[in-house]
Amino acid sequence: MSEAKQFDETDAAQDALPWRASVLTLYPDMFPGPLGTTLAGRALENGIWSLEAVHIRDFAEGKHRNVDDTPAGGGAGMVLRPDVVARAIDHVTAEGDTRPRILLSPRGKPLTQEKVHQLKDAGGVILLCGRFEGVDQRVIDGRELEEISIGDYILSGGELGAMVLMDAVVRLLPGVMGKVASGEEESFESGLLEYPHYTRPTVWEGREIPEILTSGHHGNIAKWRQQQAIELTKDRRPDLYEAWKSRD
Ligand code: SAH
């Protein structure tokens, strides 16, 4: 990556509209949290993206400002009310706002790098963080929320999921990562997991850096890395390997 190219990318980032995230949560104080530091934090300060954390409770009514209630049909826990959640969603959705509306949910489609790219290109997102047992199905249907999961395990709330999703998008925004190329060789971008990395010292606890990496032969190094990536993926993620093998 040449200096000039990097300058262009930064320039473009300053002209473009920021990628805009609205997060609906019962815990707005959690934001920006870790996204206020390092790469994402600097990008937030520089206006490459923006983040508004909206308190769902502000849209509750009545003396007790209830946001949740017991599940219809019985069972443990509480469910977020559709009326309160819908008011919060409507509040952040201006006329003509085409940002995807996402509910973080273990029932959702798993987040993938491909999806992360799509969300980046969508210009922003509205993220609803569930809590308790989840959210009334009618608001999921009525506001056409897309459910996205960050993995096959249960979190106590959607907030960490929202942060994971935003972190993955923000690092792809132009001007965020110093060297754009470092994003392109990553695991998943090629359909394979990444090859192993090494750095100095050349010998550490008797373990040497693979000789080929110090040979200076770029062609052979690239071949070796590709082979390592294939072996690793075959071993650890046969599902990804099969998909990669049958790609067009
Ligand atoms: N009763 C639900 C789990 C609720 S966990 C079920 O069994 O499916 C409470 C909230 O945490 C959810 O509403 C969701 O917003 C969030 N959450 C939990 N696990 C998640 C995951 N793997 N990915 C994304 N969000 C998750």
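## Polar contacts of the ligand

In this predicted model, a backbone N or O atom of Leu155 is placed 3.0 Å from a nitrogen atom of the ligand. For Ile150, the corresponding distance from a backbone N or O atom to a nitrogen atom of the ligand is 3.0 Å. Ser105 also takes part through its backbone, with an N or O atom 3.3 Å from a ligand nitrogen atom. Each of these pairs satisfies the cut-off for a polar contact, which is a distance within 3.5 Å between N or O atoms.

The ligand on its own would expose 570 Å², and the protein buries 84% of that area.

## The pocket and its shell

The ligand takes up the space of the largest pocket. Two elements, β5 (residues 101-110) and β8 (residues 146-149), give two or more residues each to the shell around the ligand. The greatest contribution is that of β5, which supplies three residues.

The shell comprises 18 residues, of which Leu104, Gly130, Glu133, Gly151 and Tyr153 come nearest to the ligand. Sorted by class, eight residues of the shell are nonpolar, eight are polar and two are charged.

## A three-stranded sheet

Strands β3, β4 and β7 form an open sheet of mixed pairing, arranged in the order β3-β4-β7. The edges are occupied by β3 (residues 68-69) and β7 (residues 134-135); each has a single partner strand, and therefore one side of each is left without a neighbour in the sheet.

Between β3 and β4 (residues 79-80), the pairing is antiparallel and extends over two bridges. Asp69 has Val79, in β4, as its bridge partner.

## Backbone geometry in the loops

Most peptide bonds are trans, and most residues other than glycine have a negative phi. Several sites in the loops of this model merit inspection against that background.

The peptide bond that joins Phe31 and Pro32 is cis, with an omega of about -5°. Pro32 belongs to the loop that runs between β1 (residues 19-25) and α2 (residues 38-45). A cis peptide bond also leads from Arg200 to Pro201, where omega is near 0°. The loop that contains Pro201 lies between α7 (residues 181-184) and β9 (residues 203-204).

Arg65 is not a glycine, yet its phi is positive, at about 45°. This residue, Arg65, is located in the loop between β2 (residues 49-55) and β3.

Key: Residues numbered from 1 in each chain as written. Predicted model: local features only at pLDDT ≥ 70, side-chain atom pairs only at ≥ 80, totals over all residues. Heavy atoms only, no water. Near = heavy atom within 4 Å. Polar contact = N/O pair within 3.5 Å; in protein donor to acceptor, adjacent residues only side chain to side chain. Areas by Shrake-Rupley, 256 points an atom, 1.4 Å probe, with all protein chains shown as cover. 1 Å grid on protein atoms, 1.4 Å probe; cavity = no way out; pocket = protein on both sides within 12 Å on 5 of 7 lines; lining within 4 Å. Sits in = over half its atoms within 2 Å of the grid points. Helix = DSSP H or I, 4+ residues; strand = E, 2+ residues; numbered from the N terminus. Nonpolar A, V, L, I, M, F, W, Y, C, P; charged D, E, K, R; others polar. Pairing = 2+ DSSP bridges.
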